[in-house]
Amino acid sequence: MIRKAFSFSNIQRNRRWALILAYFFLILFIIFFLFPPYYMIVTSFKTNEEISSVKGIPWIINQAPTLYHYKNLLTNTYFLTHFKNTAIVTIFTVAISMTISILAAYSLSRMRFFGSAVLATGVFLTYLVPETLLFIPLFKVLGKLGLLNSKWALVVVFPTLAVPFCTWIMIGYFGSIPKALDEAALIDGARWYQMLFQVFIPVAMPGIIAATIFAFTISWANFLYPLAFVYSNEEMTLTVGTVTTLIRGDVYHWGGLMAGALLAAAPPVIIYAFLMDYYISGLTAGTVKG
Amino acid sequence: MSQPAAQEQAPGSEAAANIGTVFTKFRKFLQRRPTLAFLLCAPLLALVIGLIVYPFFYSINLSLLNRKETRFVGLANYLFLFKRDTFWMVVRQSVLFTLTAVFFKALIGFIMAHLIDAIPTHRQRLWRGLALIPWVMPPALSTLGWWWIFDPSHSALNWILQTFFGTSVPWLSETFWARFCVILVNIWWGSPFFLIMYLAALKSVPANLYEAASIDGANAWQKLIHITIPMLRNIIAITMLFSTIVTFANFDIVQVLTRGGPRNTTHLFGTYSFSLGIMLGDIPLGACISLFLFPVLAVAAFFILRNVRERVRQV
């Protein structure tokens, strides 16, 4: 009996130690993960003199913080134009991608036609195609269409990155809707579009939100396509605009660059902060589910 | 619908009636389920064929032309690349980059998933959210932050080295350190993806397996080797294959951090193709380099598809 009691308290003590160790290492990893964004925030509030001096601890603000870089960014640079372009491109990309993928996923998950199974596998395979494989031929194709150096080129090419994954996870979500629901709707005399809008879309809303966030992120964060296809300041999107126009020969551009990068990264981060659970369930479903 | 109307209107005119029947037949054809199913997929098909399949074959075609794209030169571009030391360096660097980065991303993701799984459930959301931030920021922009961290004279890393060790490291201008930096940033960016996948998978392992093992006197290590890893085998394989494709085809991090330098030693296929194809304007050579991504993609895709199918069969 005594031995049993002893081992019980031993287990409890072990558990507490395990928990403390878990937190300790977790904090170490989180410091590694969060140091770059933290350092970007700190730098964006520093004066140019402070950034250029080598005195003082670099990861805290030693002198009075300043909003100079943010004011300068919003008034003297193309930042707002780039923001507007990114927003336009993203809205169109999301709308086009979601329309294409919802219609296709509805068809592929519930109806059969010649070659539909092959097409479903094909969609999954195109999801694996990386952007770096096709940007050279797309450069030529966009050139022929006369779309080079225009933000509309991005509206044409971004859906190629978003649609395969969105279709794939929507097939999963639609496929998990019980067939009894369709039958009930059919008995009530619903047409296919009524079934889609009144049964499938409302029931699969979590999946639609996850796919929308995915399409949004692809369009907001993509760097290669705008870098390769868009050159003028008036047409650029945020990622490329921040990387190319805020870097100058000047050594002390860091404050403005960090402010620009932070503001440009803010919309996706804010969206994730609110809708993270939807996205995570979509992501795990998309890669794990058949 | 229009047929009765046509018959009433002009009993004598055969043509009108014929057009009516053809029209009705067409409507019926449209309303057949396979036709409807196909029509709903038509936009997807158009997109995939027009902007993925066609560009792929167009790319092969381009890679067989001369620099001005006026003459068919066969495999001359490929042979030219095979004779260049830079190309083989890109091959070696891509393999090194991919193997190291994928390994450490998987390792860190696996460890962090276990750490988060070990703390009380109501706190897990917060920690998972914090850990996801690197993956949520657009990589081109967060890499700018790293670029600043690696700044040789004014920034944090060298400040620490200078203050405590009296030395400093030329992070991005020396081959070894530049390679180290691009891999480090890739690990930083990609580990949260593994963390999410593994955490979700850990939660799906039945708790009674661990309880049974505890009763049998298994320690934590034995549980890991004999329960967790076998149960997660499939998801570990799939995430690593996915990540292999994404890492091998990486562009943003290298382009922002080093643009392939110093002396082309950090180039990957994506950035090398960009610098020759777009920056120097040699489209056929650029297409040629990009196409080397395809074999890796095809092999990874083959295994992913097999894994996904196996999973479907199990469920």
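Here are some questions and answers about a predicted model with chains A and B.

Q: What is the mean pLDDT of chain A?
A: Because this is a predicted model, confidence is a good place to start, and pLDDT is the predictor's confidence in each residue, from 0 to 100. In chain A, 93% of the residues score at least 70. The average pLDDT for chain A is 86.

Q: In which helix of chain A is confidence highest?
A: Confidence in chain A is lowest in helix H2 (residues 48-52), where the mean is 79. At the other end, with a mean of 94, is helix H11 (residues 224-229) of chain A.

Q: How many helices and strands does chain A have?
A: Reading along the sequence of chain A gives the pattern α-α-α-α-α-α-α-α-α-α-α-α-α. The secondary structure of chain A therefore comes to zero strands, and its helices number 13.

Q: What radius of gyration does chain A have, beside that of a compact globule?
A: The C-alpha atoms of chain A fill a box of roughly 85 × 75 × 35 Å along the principal axes. A compact globule of 290 residues would have a radius of gyration near 19 Å. For chain A the value is 25 Å.

Q: What share of the residues in chain A is buried?
A: A residue counts as buried if 20 or more other C-beta atoms lie within 10 Å of its own. Chain A has 290 residues, and the buried share of them is 44%.

Q: In chain A, what share of the contacts with a separation of 6 or more comes from residues 24 or more positions apart?
A: Two residues are in contact if their C-beta atoms lie within 7 Å. Taking the contacts in chain A with a separation of 6 or more, residues 24 or more positions apart account for 78%.

Q: How many residues does each chain give to the contact between chain A and chain B?
A: Chain A gives 77 residues to the contact and chain B gives 79 residues. The side of chain A that touches chain B divides into 61 nonpolar, 14 polar and two charged residues. To return to the counts asked for, they are 77 from chain A and 79 from chain B.

Q: Where do the two domains of chain B lie in its sequence, and how many residues does each give to their contact?
A: The domain assignment of chain B gives domain 1 (2-63) and domain 2 (79-314). On the side of domain 1 that touches domain 2, the residues are two nonpolar, two polar and no charged. The centres of the two domains, taken over C-alpha atoms, are separated by 46 Å. Their contact takes four residues from domain 1 of chain B and six residues from domain 2 of chain B.

Q: What radius of gyration does chain B have?
A: Chain B comes to 15 helices and zero strands, and its C-alpha atoms fill a box of roughly 105 × 70 × 35 Å along the principal axes. Buried residues make up 39% of its 315 residues. A compact globule of 315 residues would have a radius of gyration near 20 Å, but chain B has 28 Å.

Q: Which helix of chain B gives the most residues to the largest nonpolar core?
A: That core has 161 residues, and those with the most contacts inside it are A:Cys166, A:Met170 and B:Leu257. Domain 1 (2-63) and domain 2 (79-314) of chain B both give residues to this core, so it lies between them. With 17 residues, the helix of chain B that gives the most is H9 (residues 175-203).

Q: Which residues does B:Leu257 touch, leaving out those up to four places away in sequence?
A: B:Leu257 is one of the residues with the most contacts inside the largest nonpolar core. Its partners are B:Thr143, B:Trp146, B:Trp147, B:Leu172, B:Cys181, B:Val182 and B:Val185.

Q: How far apart in space are B:Val91 and B:Phe292?
A: B:Val91 is found in helix H5 (residues 85-118) of chain B. With 15 C-beta neighbours inside 10 Å, B:Val91 counts as partly exposed. In sequence, B:Val91 and B:Phe292 are 201 residues apart, while in space their C-alpha to C-alpha distance is 9.3 Å.

Q: Why does B:Asn264 count as partly exposed?
A: B:Asn264 is in the loop between helix H12 (252-257) and helix H13 (269-279) of chain B. B:Asn264 is not a glycine, yet its phi is positive, at about 65°. B:Asn264 is partly exposed because the number of other C-beta atoms within 10 Å is 19.

Conventions
Residues are numbered from 1 along each chain as its sequence is written. Chains are lettered from A and ligands numbered from 1 in the order in which they are written. This is a predicted model: local features need pLDDT of at least 70, side-chain atom pairs count only at pLDDT 80 or more; totals for chains, interfaces and linings use all residues. Ala, Val, Leu, Ile, Met, Phe, Trp, Tyr, Cys and Pro count as nonpolar, Asp, Glu, Lys and Arg as charged, and the others, Gly among them, as polar. Domain bounds come from an automatic or database domain assignment. Helices (H or I, at least four residues) and strands (E, at least two) are DSSP runs, numbered from the N terminus. The radius of gyration is taken over C-alpha atoms; the globule rule is 2.2 Å times the number of residues to the power 0.38. A residue is buried if 20 or more other C-beta atoms lie within 10 Å of its own, exposed if 12 or fewer, and partly exposed in between; C-beta atoms are placed from the backbone. A nonpolar core is a set of buried Ala, Val, Leu, Ile, Met, Phe, Trp, Tyr and Cys residues joined through C-beta atoms within 7 Å.
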